[in-house]
Amino acid sequence: MKEEKVKHINIQNRRARFEYAFLVNYTAGMMLQGTEIKSIRDGSVQLGDGFCVFHPDGSLWAHNITIAQYTEGTYNNHEPKRPRKLLLNKRELKQLAAKNQEQGLTIVPVRLFVSDRGFAKLEIALAKGKKLYDKRDDLKAKDQKREMDRARDY
């Protein structure tokens with residue numbers, strides 16, 4: 001029996017962590033086309049400009065997530081920036097839709113990973129935009145933590 005080396009895919013949206021304060025996190029499945037999962041396993045994904053919107057039929061879609069074209073793909077290759085449907089329970093969709101109506105809240109992709117069963121999952125968060133002073137406070141806390149870790153190591 002041949003053992004494969006499992007490569008764990010964990011793509012973070014660091015820009016979203018800096019720009020937004022997360023209120024509630026959800027894990028959603030993604031509807032993908034043929035070569036998209038292969039590109040995800042290669043790690044060629046960009047979440048930085050991504051956002052999620054509700055369509056009139058009540059489904060949630062992720063936009064501006066770039067999954068690069070698969071290098072070995074032929075004419076069947078996918079479009080890199082196409083909208084992708086997210087798969088959530090009806091209860092979760094209703095909760096998100098109700099909270100998303102509030103002023104100043106948005107839904108952003110936080111992390112893309114491949115589950116143990118091999119499915120691509122997108123962690124999304126209901127988020128509120130940070131003010132400039134909140135970002136400065138975060139940077140200051142991060143620098144202080146780094147200095148404390150350095151001092152502890154020596």
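Reader: Which residue in β9 is the bridge partner of L112?

Author: Let's start with the strands, keeping in mind that this is a predicted model. β8 and β9 run antiparallel, joined by nine bridges. They form a hairpin with five residues between them. Look along β9 for the residue that bridges to L112, and you land on L122.

Reader: And on β2, which residue has A125 of β9 as its bridge partner?

Author: β9 also pairs with β2, again over nine bridges and in the antiparallel sense. Within that pairing, the β2 residue that bridges to A125 is N25.

Reader: How many of the ten residues of β9 are buried?

Author: β9 is one of the elements that supply at least two residues each to the largest nonpolar core. That core has 26 residues, and L122 is among those with the most contacts inside it. L122 also touches residues further off in sequence, including Y26, L47, L86 and L112. As for β9 overall, the strand is mostly covered, and its buried residues number seven.

Reader: What about N13, is that residue buried or exposed?

Author: You'll find N13 in the loop between β1 and α1. Beyond its neighbours within four places in sequence, N13 is in contact with L47, G48, P109 and V110. Its relative accessibility is 3%, and the cut-off for buried is under 20%, so N13 counts as buried.

Reader: Which residue's backbone nitrogen lies 3.2 Å from a polar atom of the N13 side chain?

Author: Start at N13, in the loop that comes between β1 and α1. Helix α1 covers 14–19. The backbone nitrogen at 3.2 Å from the N13 side chain's polar atom belongs to A16.

Key: Residues are numbered from 1 along each chain as its sequence is written. This is a predicted model: local features need pLDDT of at least 70, side-chain atom pairs count only at pLDDT 80 or more; totals for chains, interfaces and linings use all residues. Side-chain values use heavy atoms; hydrogens and water are left out. A nonpolar core is a set of buried Ala, Val, Leu, Ile, Met, Phe, Trp, Tyr and Cys residues joined through side-chain atoms within 4.5 Å. Buried means under 20% relative accessible area, exposed over 50%, partly exposed in between (1.4 Å probe, protein chains only). Helices (H or I, at least four residues) and strands (E, at least two) are DSSP runs, numbered from the N terminus. Contact means heavy atoms within 4.5 Å. Two strands pair if DSSP finds at least two bridges between them. A polar contact is a pair of N or O atoms within 3.5 Å; within protein, one must be able to donate a hydrogen and the other to accept it, and residues adjacent in sequence count only if both atoms are side-chain atoms.
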